[in-house]
Amino acid sequence: MELLPTIWFIAIAVLWTGYLFLEGFDLGVGMLMKIFARNNTERRVLLNTIGPVWDGNEVWLLTAGGATFAAFPFWYASLFSALYLPLLLVLVALIFRAVAFEYRGKVDTDRWRNTWDWAIAVGSFLAAFGVGAALGLTTTGLPLDANGDRDGGPFAWFSWYAVLGGLAVVCFALLHALAFLALKTDGGVRHRARQWFVRLLPVLLLPMAGWAIGVQVLTGEAWTLVVLAVAVVAAAVAWAQARKGNEGRAFLGTGVFLLGGSASIFGAVFPVVLPSTIDPAYNLTIANASSSDYTLGLMSIVACIGLPLVIAYQAWTYWVFRRRVSAAHIPEAHSFLPAVAAKALIRKD
């Protein structure tokens with residue numbers, strides 16, 4: 001087995017896991033805007049918990065995609081061309097979500113805020129579901145021919161594994177967000193988030209557990225089953241710690257569950273990077289989908305320099321904004337636009 005392709009397979013798995021850990025909770029917070037928060041003040045509390053970090057978290061998505069493109073160009077080409085429509089929907093959802101973050105507070109009317117709240121919630125859901133579907137199909141297979149091209153129409157990718165992967169990321173993001181809100185807020189939001197976390201954990205982790213178990217049945221090994229068992233134990237610990245009011249340990253427990261589940265899934269499919277459901281002979285592997293050793297070696301040098309800087313910057317950001325947020329910290333709402341301009345944009349409620 002070649003060393004550099006193996007290292008970069010592990011690196012890409014780590015990048016996707018990091019993305020789901022960091023972006024997972026802020027996508028979940030976005031989805032909770034309409035189903036958890038009870039009023040505008042609570043919605044502003046939710047937004048303030050992720051306001052300083054959400055755009056930095058998305059860097060992990062760009063890095064994971066860029067690393068896949070550079071290290072395994074055939075994997076990238078086959079995956080992104082086969083999933084052109086769902087990934088385009090993810091991109092549009094992320095754009096609307098980002099715009100909503102910026103525009104929501106510009107006009108002080110209920111109708112204006114409600115419009116952008118829905119944009120945040122729906123955009124977060126579609127982004128989480130699309131990324132989950134893509135990762136689910138990456139580990140279970142697409143209808144690829146001998147050239148790595150999709151066989152079938154634009155919806156040939158759609159399958160139960162796509163739905164399962166999408167639901168797995170959506171449900172994990174919701175649970176991870178509840179753990180994050182319990183850790184990052186105070187007052188009523190904090191206590192209600194912990195209560196929801198305890199009640200919903202067994203249900204919200206079922207899709208991801210089903211995804212991981214399905215992959216184990218298909219291609220699992222003894223060590224990946226052990227790692228999956230560790231993930232289950234971590235989920236149980238997170239639930240127990242949340243019941244005791246230890247929000248930090250509960251949040252860490254969901255992170256360990258994600259790490260164990262991700263390691264078991266990627267470990268089970270290795271060395272295949274993209275299975276073909278038409279014929280296993282058409283599978284893309286680390287051997288036939290990777291770049292040259294020179295390219296991978298150069299990327300390794302750049303990664304050794306750049307990745308620690310990114311991690312250090314994000315760690316500093318989280319440290320600076322580590323304090324809890326509560327309704328008492330939220331100032332009175334006001335409009336950034338003159339009254340005439342505001343009325344021109346939206347009819348007054």
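Colleague: What follows α7, and what is its phi?
Modeller: In this predicted model, Gly141 comes after α7, and the phi of Gly141 is positive, near 120°.

Colleague: How do you know that the length of α7 agrees with a helix of 31 residues?
Modeller: The expected span is 1.5 Å times one less than the number of residues. For the 31 residues of α7 that gives 45 Å, and the end C-alpha atoms are 44 Å apart, so the two agree.

Colleague: Why is α7 called largely enclosed?
Modeller: A residue is buried when its relative accessible area is under 20%. In α7, 22 of the 31 residues are buried, so the rest of the structure largely encloses this helix.

Colleague: What do the two checks say for α12?
Modeller: Helix α12, residues 247-269, should span 33 Å with its 23 residues; its end C-alpha atoms are 34 Å apart, which agrees. Of those 23 residues, 17 are buried, so α12 is also largely enclosed by the rest of the structure.

Colleague: Why is Phe155 called exposed?
Modeller: The cut-off for exposed is over 50%. Phe155 has 58% relative accessibility, so Phe155 counts as exposed. This residue is found in the loop between α7 and α8.

Colleague: Which surface patch includes Phe155?
Modeller: A nonpolar one, with about 1,100 Å² of accessible area together; among its other members are Tyr84, Leu88, Phe96, Tyr103 and Phe158.

Colleague: What does the model show for residues 83-103?
Modeller: The span is 95% helix and 0% strand, with its end C-alpha atoms 30 Å apart. The unreviewed UniProt entry lists residues 83-103 under "transmembrane region".

Key. Residues are numbered from 1 along each chain as its sequence is written. This is a predicted model: local features need pLDDT of at least 70, side-chain atom pairs count only at pLDDT 80 or more; totals for chains, interfaces and linings use all residues. Side-chain values use heavy atoms; hydrogens and water are left out. Patches are made of residues with over 30% relative accessible area and no salt bridge: like charges are joined within 9 Å, nonpolar side chains (Val, Leu, Ile, Met, Phe, Trp, Tyr) within 5 Å. Accessible areas come from the Shrake-Rupley method with a 1.4 Å probe; for residues, only the protein chains shown count as cover. A salt bridge is a side-chain nitrogen of Lys or Arg within 4 Å of a carboxyl oxygen of Asp or Glu. Helices (H or I, at least four residues) and strands (E, at least two) are DSSP runs, numbered from the N terminus. Buried means under 20% relative accessible area, exposed over 50%, partly exposed in between (1.4 Å probe, protein chains only). UniProt positions are given in the numbering used here, feature names are shortened, and annotations may be inferred rather than shown by experiment.
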